[in-house]
Amino acid sequence: MKQEPNYRLATPQPDHIMVSISGDAKTSMSITWRTCADIKDGYVEYYEKCNEKLTQTAITEVFESDINTSNIHFAVLKNLKPGTRYYYTVGSSDI
């Protein structure tokens, strides 16, 4: 019998990726995501269409729950241009 994956457990791949308002909503935003505890660092690459990619290092904190221990990563992107669409991806040097 094939066992279904347990989507509640953290893996090396980022999940639960969320964007939220941080400070002035016109010029900054926060990005938060989860990985398994093996992933020790994180970053966000972000850019405007057809422009150079910028990188922001994430802060990583251990999160312990009744399910398992995982890492929560978060990065604040500042000095964004108001009314501009940004594209982003999250990652780690560990994977």
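**An all-strand chain and its tyrosine pairs**

Tyr88 is found in strand S7, which covers residues 86-91. In this predicted model, Tyr88 contributes to a nonpolar surface patch of about 240 Å², which is made together with Ile17 and Val19. The relative accessible area of Tyr88 is 33%, and the residue is therefore classed as partly exposed, since that class lies between the buried limit of under 20% and the exposed limit of over 50%. The same value also satisfies the requirement of over 30% relative accessible area that applies to residues of a patch.

The protein chain as a whole contains 7 strands and 0 helices. Read along the sequence, its elements follow the pattern β-β-β-β-β-β-β. The C-alpha trace spans about 50 × 25 × 20 Å along its principal axes. Of the 95 residues in the protein chain, 31% are buried. Confidence in the model is expressed by a mean pLDDT of 93 for the protein chain, with 96% of the residues reaching 70 or more. Among the elements, the lowest mean pLDDT, 96, belongs to strand S1 (residues 15-21), whereas the highest, 98, belongs to strand S4 (residues 54-57).

Pairing between strands is illustrated by S5 and S6. Strand S5 (residues 59-64) and strand S6 (residues 69-77) run antiparallel and are joined by 6 bridges. The two strands form a hairpin, with 4 residues between them. Within this arrangement, Phe63 has Ser70 of S6 as its bridge partner.

Aromatic contacts were examined next, and the count came to 2 pairs. In one of them, the ring centres of Tyr46 and Tyr86 are 6.3 Å apart and the ring planes meet at 55°, so the pair is tilted. This assignment follows because planes under 30 degrees apart count as stacked and those over 60 as edge-to-face, with the rest taken as tilted. Tyr46 is located in strand S3 (residues 43-48) and Tyr86 in strand S7, so the contact ties together parts of the chain that are 40 residues apart in sequence. Tyr46 has a relative accessibility of 8% and therefore counts as buried. Tyr86, at 17% relative accessibility, also counts as buried, because the limit for this class is under 20%.

The rings of Tyr47 and Tyr87 form an aromatic pair as well, with 5.7 Å from centre to centre and 25° between the planes, and this pair is stacked. Distant parts of the chain are again linked, as Tyr47 lies in strand S3 and Tyr87 in strand S7, with 40 residues separating them. Tyr47 is partly exposed, because its relative accessible area is 26%. Tyr87 is likewise partly exposed, with a relative accessible area of 31%. The tilted pair is thus built from Tyr46, which is buried at 8%, and Tyr86, which is buried at 17%.

Two residues other than glycine show backbone angles with positive phi. His16 has a phi of about 55° although it is not a glycine, and its place is in strand S1. Asn79 has a positive phi near 60° and is also a residue other than glycine. Asn79 is found in the loop between S6 and S7. With a relative accessible area of 74%, Asn79 is exposed.

Strand S1 also holds Ser20, which counts as partly exposed at 35% relative accessibility. The C-alpha atom of Ser20 is separated by 6.5 Å from that of Ile31, a residue 11 positions away along the chain. Beyond the final strand of the pattern, Ser93 is found in the segment after S7. Ser93 has a relative accessible area of 57% and is therefore exposed, the threshold for this class being over 50%. A separation of 13 Å lies between the C-alpha atoms of Ser93 and Gln56, which are 37 residues apart along the chain.

How values were computed
Residues numbered from 1 in each chain as written. Predicted model: local features only at pLDDT ≥ 70, side-chain atom pairs only at ≥ 80, totals over all residues. Heavy atoms only, no water. Patch = residues over 30% accessible without salt bridge, like charges linked within 9 Å, V, L, I, M, F, W, Y side chains within 5 Å. Areas by Shrake-Rupley, 256 points an atom, 1.4 Å probe, with all protein chains shown as cover. Salt bridge = Lys/Arg side-chain N within 4 Å of Asp/Glu carboxyl O. Buried < 20%, exposed > 50% of the residue type's maximum accessible area, 1.4 Å probe, protein only. pLDDT = per-residue confidence, 0-100. Pairing = 2+ DSSP bridges. Phe/Tyr/Trp six-rings, centres within 6.5 Å; stacked < 30°, edge-to-face > 60°.
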